[in-house]
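Work through the two exercises below with the model open. Each has a task, then a stepwise solution.

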Amino acid sequence: MVKKEIHIIGAGCAGLSLAKYLSIDSKTNTYKINFYGRKSNAFATPNYWSFWGDQVNLFVEQSIKKKWYEWEIISEESVVTHKTKNSPYCTINSREWLALCGFEKLVISPNIPEPGPLVFDSRNPRASSGGLTQEFVGQTIEVKKPLFNPKSVTLMDFRCDQRQGPHFIYILPFSSTSALIESTRISEFLCPSKYYKEAIKKYLTERLKCIEYRIIAEEYGKIPMGHVVKHDSNYLGIGSNGNCLRKSSGYAFNSIQHQTQQIAAQISAGQTITRQRQIPFAFSRLETILDSIFLMALKRQPHKAPEFFIKISKRLTGDEFASFMSGKTRLNILLKIICALPKIPFLKAGFQTIQAKLYHGTDID
Ligand SMILES: Cc1cc2nc3c(=O)[nH]c(=O)nc-3n(C[C@H](O)[C@H](O)[C@H](O)COP(=O)(O)OP(=O)(O)OC[C@H]3O[C@@H](n4cnc5c(N)ncnc54)[C@H](O)[C@@H]3O)c2cc1C
């Protein structure tokens, strides 16, 4: 039997997930999958990819390293605690995920094929000029005495230096003595990694009163927020190159899974994919517009970031917050968010977003 050839450029989260879903779908091994470009760095330096896992498939479920049913958002003035029964915050190890996809010994050709049907491009998109970037350094640390609450994730703790733009500490506690702790900034300009490492150290020593700790691993990330430019507009973009990056948060794992699973189903149903329009879009139009306005407001008033995030989280339940973060914002959640946000700055940001679209062609999706 002649196998159907599928070409995937880039072997990272989206490329390998698509290959995996195609191989699950194809009980009779009907596809020949060819990889091009480069292997993801996440093979060599594992990252933790986290997401809200209310409706994950069995394959993702098997890869989850830990689930949490509680998370906190903290500012100098407030602490918001969310609890959930249905939408736990989950994390997986990127290297374990890529290995589970089953293509660890994959052969990759450096010669990129011509664009065409069934040629999928997962090379990373570019940030649009003047856009915000989420930059972070994470350290997996171990301590001797119990320090962390293993049942609760600190999603954002803004009690750290805010002079270089919105900045928060994120803590993913694997146990009471081990956690991933990240220092994250949202800004138009980047900072040296020393800045983030010092912020983590300061948080540990001054906030958590922890002097002795061992750094087991380190990760660095730079994720464009807002509008991104496709790596090459001639190709069928998938993953972060196919609009899977959530503009306002930088989360992408969940939407990549939904998108690649659907593409695999389309192919196995005999569809020929020739246009970007046929690639499932991860977020609703309303979510995308809200995200654009939110980012514009952050850009205009970066010092108000803690207030904006606290106001949104106070208004939502844990499940609603998880839906919003996962790109499943229903109208009632959207209305709650709009009501939670301060009207004048957001009206101004909305006006400026429309102006940018009309006069400068800056896309809002
Ligand atoms: C450190 C870090 C932590 C993250 N944590 C989370 C998280 O917790 N939750 C979440 O939802 N998202 C997270 N993300 C965002 C997102 O989920 C990941 O970036 C994810 O890897 C995106 O998948 P992708 O396939 O689109 O891109 P990638 O996994 O980056 O794959 C792109 C592939 O294209 C190749 N490539 C790129 N450029 C070229 C080129 N010019 N020529 C040839 N090949 C090329 C790369 O080598 C790679 O193989 C994180 C990102 C980073 C960097």
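**Exercise 1. Describe the shell around the ligand and place it among the domains.**

Step 1. Of the 29 residues around the ligand, the nearest are Ala14, Arg38, Ser50, Ser240 and Ala252; a residue counts as near if one of its heavy atoms lies within 4 Å. This is a predicted model: local features need pLDDT of at least 70, side-chain atom pairs count only at pLDDT 80 or more, and totals for chains, interfaces and linings use all residues. Residues are numbered from 1 along each chain as its sequence is written, and side-chain values use heavy atoms, with hydrogens and water left out.

Step 2. Sort by class: 12 nonpolar, 13 polar and four charged residues. Gly counts as polar here.

Step 3. Find the main contributor. β15 gives the largest share, four residues.

Step 4. Place the ligand. Domain 1 (4-54 + 91-127 + 228-278) and domain 2 (133-224) both supply shell residues, so the ligand shell lies between them. The bounds come from an automatic or database domain assignment.

**Exercise 2. Find the partners of strand β5.**

Step 1. Locate β5 at residues 70-74; four of its five residues are buried (under 20% relative accessible area, 1.4 Å probe, protein chains only). Strands are DSSP runs (E, at least two residues).

Step 2. Take β6, residues 79-83. Five bridges join β5 to β6, antiparallel; pairing requires at least two DSSP bridges. Glu72 has Thr81 as its bridge partner in β6. Four residues separate the two strands of this hairpin.

Step 3. Take β12, residues 153-157. Four bridges join β5 to β12, and the two run parallel. Here Ile73 stands opposite Met156.
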